[in-house]
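Q: Please take a close look at one part of this model: how any strands pair, and what lies against them. One connected account would suit me better than a list.

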Amino acid sequence: DDRSPCAYSVEGEEYVGKKMVKDFDGVLYWGQVMGFLAQEKNSPKTFAVVYHDGDREELEVDELKKGVARAAKATVGDTQTAKLHERLKQRVKTWMDERERELDRAAARDR
């Protein structure tokens, strides 16, 4: 996904901030829901997800629900999962920092 983090709303949606797990060709990837795009007429709401490997994608709510449910059932006590969570935290911070910089630039332009 090439959209700016500022394109997404981050408040007013229960899934924002939730962790999720998605299976890509038999490999599980941890992600976090970072924001959503408001629903346009006749189109579903989409959610921005950032994964522990740095990839990003937009998911519709049905697929997102599956990933959130999978994360709730996942074992988080093993060393590998702990490492993935740490990488995910770093990716989330990068996304948030990028969003903050863009908001600062937009505010400076508006002055």
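A: Two strands count as paired if DSSP finds at least two bridges between them. The strands themselves (E, at least two residues) and the helices (H or I, at least four residues) are DSSP runs, numbered from the N terminus. The model is predicted, so local features need pLDDT of at least 70 and side-chain atom pairs count only at pLDDT 80 or more, while totals for chains, interfaces and linings use all residues. Residues are numbered from 1 along each chain as its sequence is written, and side-chain values use heavy atoms, with hydrogens and water left out.

The part in view is an open sheet of four strands in the order β1-β2-β3-β4, paired antiparallel. Because β1 and β4 stand at the edges with a single partner strand each, one side of each has no neighbour in the sheet. From one strand to the next the twist averages 45 degrees; here axes are lines fitted to C-alpha atoms, for helices over the stretch in contact, and angles run from 0 to 180 degrees between N-to-C directions.

In the middle of that order, β2 and β3 run antiparallel and are joined by six bridges. Gln32 has Val50 in β3 as its bridge partner. Next along, β3 and β4 are also antiparallel, with five bridges between them, and Phe47 stands opposite Leu59 in β4. These two strands form a hairpin with four residues between them, and Gly54 in the turn has a positive phi of about 95 degrees.

Both helices meet the sheet. Helix α1 (residues 61-73) packs on it and touches β1, β2, β3 and β4 (contact means heavy atoms within 4.5 Å), its direction making about 105 degrees with that of β1. Helix α2 also lies across β1, β2, β3 and β4, but runs at about 25 degrees to β2.

The edge strand β4 (residues 56-60) has Glu57 and Leu59 on a covered face and Arg56, Glu58 and Glu60 on an uncovered one. Glu57 and Leu59 are among the contacts of Lys22, as are Tyr51 and Arg70. Lys22 lies in strand β1 (residues 19-24) and counts as buried because its relative accessibility is 14%; buried means under 20% relative accessible area, exposed over 50% and partly exposed in between, with a 1.4 Å probe and protein chains only. The side chains of Lys22 and Glu57 are joined by a polar contact of 2.8 Å. Such a contact is a pair of N or O atoms within 3.5 Å; within protein, one must be able to donate a hydrogen and the other to accept it, and residues adjacent in sequence count only if both atoms are side-chain atoms.

Nonpolar packing comes next. A nonpolar core is a set of buried Ala, Val, Leu, Ile, Met, Phe, Trp, Tyr and Cys residues joined through side-chain atoms within 4.5 Å. The largest one has 12 residues, including Val21, Trp30, Val50, Leu88 and Trp95. β2, β3 (46-51) and α2 each supply at least two of its residues, and α2 gives the largest share, four. Another core, of 10 residues, lies apart from it, with Val33, Tyr51, Leu59 and Val68 among them.

Outside the strands, Asp25 sits in the loop between β1 and β2 (27-37). Asp25 is exposed because its relative accessible area is 83%, and it has a positive phi of about 50 degrees although it is not a glycine.

Definitions and conventions: Lists of a residue's contacts leave out its neighbours within four places in sequence.
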